[in-house]
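Trainee: I want to test the labels against their cut-offs. Can we go through them one at a time?

Mentor: Yes. Ask, and I will set each value against its definition.

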Amino acid sequence: SNPSNPRSLGSFDTSSATTAVHLNGTAAYIGIDNSDFSLRVLDISNPASMSSLASLDLGGKILALEVLSSVLYVGTDDADNSLQVLNISTPSSPSKVTSLDLGGIVKDLKVEGNYLYAPREVVDNALAVLNVSTLLSPSIVYYADIDGKGTGVDTTVDNVFISIDVNNQGLVLVKTVDVAIADTGTYISDV
């Protein structure tokens, strides 16, 4: 492997636009812009010869994927089911367990500890924070106002970095709230 001279090891034709990807071990979970199925699972153990393990229709366009243990969290553009939870303990047969309406399109997902951060494409309270300590049954802890539509997220142990779409601000740093002692509700950032 030479970063200054990258080369292709293989490819897989999805026959549609790819909207999101998350690698987990020898499986690749791929969001596909396709009316028949929106999730494709690939075996990537041999990159030169990838193969399809499974396909699943989740109803909406997949915009974000995040894996925690044997659970795949899926952010979609489906307003009524914007967060979907799948059991992927057997990658060749993923199964939908539940979905949650987070009140807006989920643009990205990131797990840190027992919490899932989900920036949403809404103007007010654009960051949803969910408790995922019970992996297959996430619960909303609070919504944070980040003064714009959430577009992306990443975390460290102490901070949540959120990209936003408003007035060219671009990035907001939100100090995480110790949700173990916080009441559920809405929190306003100092931005």
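Trainee: Why does Lys107 count as partly exposed?

Mentor: This is a predicted model, so every value is computed from predicted coordinates. Lys107 has 27% relative accessibility. Buried means under 20%, and exposed means over 50%. Lys107 therefore counts as partly exposed, at 27%.

Trainee: What makes the contact of Lys107 and Glu121 a salt bridge?

Mentor: The N to O distance between their side chains is 3.4 Å. The cut-off is within 4 Å, for a nitrogen of Lys or Arg and a carboxyl oxygen of Asp or Glu. The pair of Lys107 and Glu121 therefore qualifies. Lys107 sits in the loop between strand 8 (95–100) and strand 9 (110–112), and Glu121 in the loop between strand 10 and strand 11, so the salt bridge ties together parts 14 residues apart in sequence. Glu121 is partly exposed, with 35% relative accessibility.

Trainee: How many salt bridges does a search of the whole structure find?

Mentor: Two. One is the pair of Lys107 and Glu121. Another joins Asp154 to Lys110, with the closest N and O atoms 3.6 Å apart. Asp154 is in strand 13 (residues 149–155) and Lys110 is in strand 9, so this pair ties together parts 44 residues apart in sequence.

Trainee: Are Asp154 and Lys110 buried, exposed or partly exposed?

Mentor: Asp154 counts as partly exposed, at 41% relative accessibility. Lys110 is partly exposed too, with a relative accessible area of 24%.

Trainee: How do you know that Arg120 has no salt bridge?

Mentor: Look at the nearest side chain of opposite charge. It belongs to Asp101, and it is 6.9 Å from Arg120. The limit is 4 Å. Arg120 therefore has no salt bridge, and yet it is buried.

Trainee: Where is Arg120, and what does Arg120 touch?

Mentor: Arg120 is in the loop between strand 10 (115–119) and strand 11 (127–131). Beyond four places in sequence, its contacts include Leu102, Ile105, Asn125, Tyr143 and Lys149.

Trainee: Why is Leu58 called buried?

Mentor: Its relative accessible area is 5%. The cut-off is under 20%, so Leu58 is buried. Leu58 lies in the loop between strand 4 (51–56) and strand 5 (62–68). Beyond four places in sequence, Leu58 contacts Ser38, Leu39, Val74, Gln84, Leu86 and Lys96. Leu58 and Leu39 are 19 residues apart in sequence, and their C-alpha atoms are 7.0 Å apart.

Trainee: Why is strand 2 said to be largely enclosed?

Mentor: Six of the six residues of strand 2 (residues 27–32) are buried, so the rest of the structure largely encloses it. Side chains of a regular strand alternate between the two faces of the sheet. On one side of strand 2, Ala27, Tyr29 and Gly31 are buried; on the other, Ala28, Ile30 and Ile32 are.

Trainee: What makes strand 1 and strand 2 a pair?

Mentor: A pair needs at least two bridges. Strand 1 (residues 18–24) and strand 2 have six, in the antiparallel sense. In one of them, Leu23 has Ala28 of strand 2 as its partner. Their hairpin has two residues between the strands, and Gly25 takes a positive phi near 65° there. Strand 2 also pairs with strand 3 (residues 39–43), antiparallel over five bridges. A hairpin of six residues joins strand 2 to strand 3.

Trainee: Which residues have the most contacts inside the largest nonpolar core?

Mentor: Tyr73, Leu83, Leu102, Leu109, Leu116, Ala118 and Leu130, in a core of 16 residues. Strand 6 (71–76), strand 7 (83–87), strand 10 and strand 11 each give two or more residues to this core. Leu109 touches Tyr73, Leu83, Leu116 and Ala118, among others.

Trainee: Where does pLDDT stay under 50?

Mentor: Over residues 180–191. The model has 22 contacts beyond four places in sequence for that stretch. Where pLDDT is low, predicted coordinates should not be read in detail. For the protein, the mean pLDDT is 86, and 86% of the residues reach 70 or more.

Definitions and conventions: Residues are numbered from 1 along each chain as its sequence is written. This is a predicted model: local features need pLDDT of at least 70, side-chain atom pairs count only at pLDDT 80 or more; totals for chains, interfaces and linings use all residues. Side-chain values use heavy atoms; hydrogens and water are left out. Helices (H or I, at least four residues) and strands (E, at least two) are DSSP runs, numbered from the N terminus. Buried means under 20% relative accessible area, exposed over 50%, partly exposed in between (1.4 Å probe, protein chains only). Lys and Arg count as positive and Asp and Glu as negative; His and the chain ends are not counted. Contact means heavy atoms within 4.5 Å. A nonpolar core is a set of buried Ala, Val, Leu, Ile, Met, Phe, Trp, Tyr and Cys residues joined through side-chain atoms within 4.5 Å. pLDDT is the predictor's confidence in each residue, from 0 to 100.
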